[in-house]
Amino acid sequence: MNDGKIIIDKIISDARKVADVTLSQAQKEADAILKAAKDKALRQLDQMDREANSEAERVKSKEISTADMQARKAILATKQEILAEVIAEAEARLIGLEDSEYKRVIGGMLERLDASLGKEIIVSAKDRERLAETIQEKGFVLSAHTADINGGFIVKNGDIEYNYSFASILAVEKEAIRKAAAEILF
């Protein structure tokens, strides 16, 4: 799975540039929200009597606090969007690999596969032809059945199936990928 990690690292690197621009825009929006809230609070303060001075301070603090929370939510939502896009892009790039590179990635996955899991490999209908030789070379048997997956494979051992589709692998590793991507991007 090192090949997949290399691709994911490349995607994360590419996404860093997009993330920087998006975060910059989100920060500008956050600053505008904070400025608007501060301006609103100051206008309210000017309209109040001296007797309502303590009330004005409370309102000002509440507005700024609310705006600050909205700004943080906006930035967090943007970061989560970027991370989701990185994971989706990783899967898309894995699926879209050139045939030779795709065979190499799948071959590497098969080499590291615990043979006790089974020998029957199920792939998608579109991968049947292009992976048949690779599967046989690695000592496995191509199943007569196909799976509704976009990339990767499923190992079948009797009634038990082990899902090594790209979507499944990314789903299992999603939190680790998000953490690594967040450390790099943010």
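How many bridges join E3 to strand E4? Keep that in mind as you open the model, which is a predicted one.

**Stop 1: the hairpin**

Select residues 152-157 for strand E3 and residues 160-165 for strand E4. There are 6 bridges between E3 and E4, and the two strands run antiparallel. Want a couple of pairs to click on? Lysine 156 has glutamate 161 as its bridge partner in E4, and isoleucine 154 is partnered with asparagine 163 in E4. Now go to the turn: 2 residues sit between the strands of this hairpin, and glycine 158 takes a positive phi near 65° there.

**Stop 2: the other side of E3**

Add residues 120-123, which are strand E1. E1 and E3 are antiparallel as well, joined by 3 bridges. Click isoleucine 122 and you'll find its bridge partner in E3, isoleucine 154. That isoleucine 154 is the residue you just saw bridged to asparagine 163 in E4. Likewise, lysine 156 in E3 has glutamate 120 standing opposite, while in E4 its bridge partner is glutamate 161.

**Stop 3: the whole sheet**

Bring in strand E2, residues 141-146. You now have 4 strands in an open sheet, ordered E2-E1-E3-E4, with mixed pairing. E2 and E4 are the edge strands, each with a single partner, so one side of each has no neighbour in the sheet. Turn the view and look at the twist: on average, neighbouring strands are turned by 30° against each other, direction ignored.

**Stop 4: helices on the sheet**

Show helix H3, residues 99-111, and helix H4, residues 128-137. H3 packs on the sheet and touches E1, E3 and E4, with its direction at about 30° to that of E3. H4 also packs on the sheet, touching E1 and E2, and its direction makes about 155° with that of E2.

**Stop 5: where the helices meet**

Leave the strands for a moment and keep H3 and H4 on screen. Their packing angle is about 40° and their axes are 10 Å apart, so the two helices are oblique to each other. The crossing is right-handed. For the side chains, select Asp99, Tyr102, Lys103, Ile106, Gly107 and Leu110 in H3, which meet Arg130, Leu131, Thr134 and Ile135 in H4. By type, this contact is made of 5 nonpolar, 2 polar and 3 charged residues.

**Stop 6: an aromatic pair**

Which way do the rings of tyrosine 102 and phenylalanine 166 face each other, edge-to-face or stacked? Select both and look: the model has 2 aromatic pairs, and this one is edge-to-face, at 5.9 Å centre to centre with 85° between the planes. Tyrosine 102 belongs to H3 and phenylalanine 166 to helix H5 (residues 166-172), so zoom out to see the pair linking distant parts of the chain, 64 residues apart.

Notes. Residues are numbered from 1 along each chain as its sequence is written. This is a predicted model: local features need pLDDT of at least 70, side-chain atom pairs count only at pLDDT 80 or more; totals for chains, interfaces and linings use all residues. Side-chain values use heavy atoms; hydrogens and water are left out. Axes are lines fitted to C-alpha atoms, for helices over the stretch in contact, and angles run from 0 to 180 degrees between N-to-C directions. Angles under 35 degrees count as roughly parallel, over 145 as roughly antiparallel, 65 to 115 as roughly perpendicular and the rest as oblique. A crossing is left-handed if the near helix is turned anticlockwise from the far one by less than a right angle, and right-handed if clockwise. Contact means heavy atoms within 4.5 Å. Ala, Val, Leu, Ile, Met, Phe, Trp, Tyr, Cys and Pro count as nonpolar, Asp, Glu, Lys and Arg as charged, and the others, Gly among them, as polar. Two strands pair if DSSP finds at least two bridges between them. Rings of Phe, Tyr and Trp (its six-membered ring) pair if their centres lie within 6.5 Å; planes under 30 degrees apart count as stacked, over 60 as edge-to-face and the rest as tilted.
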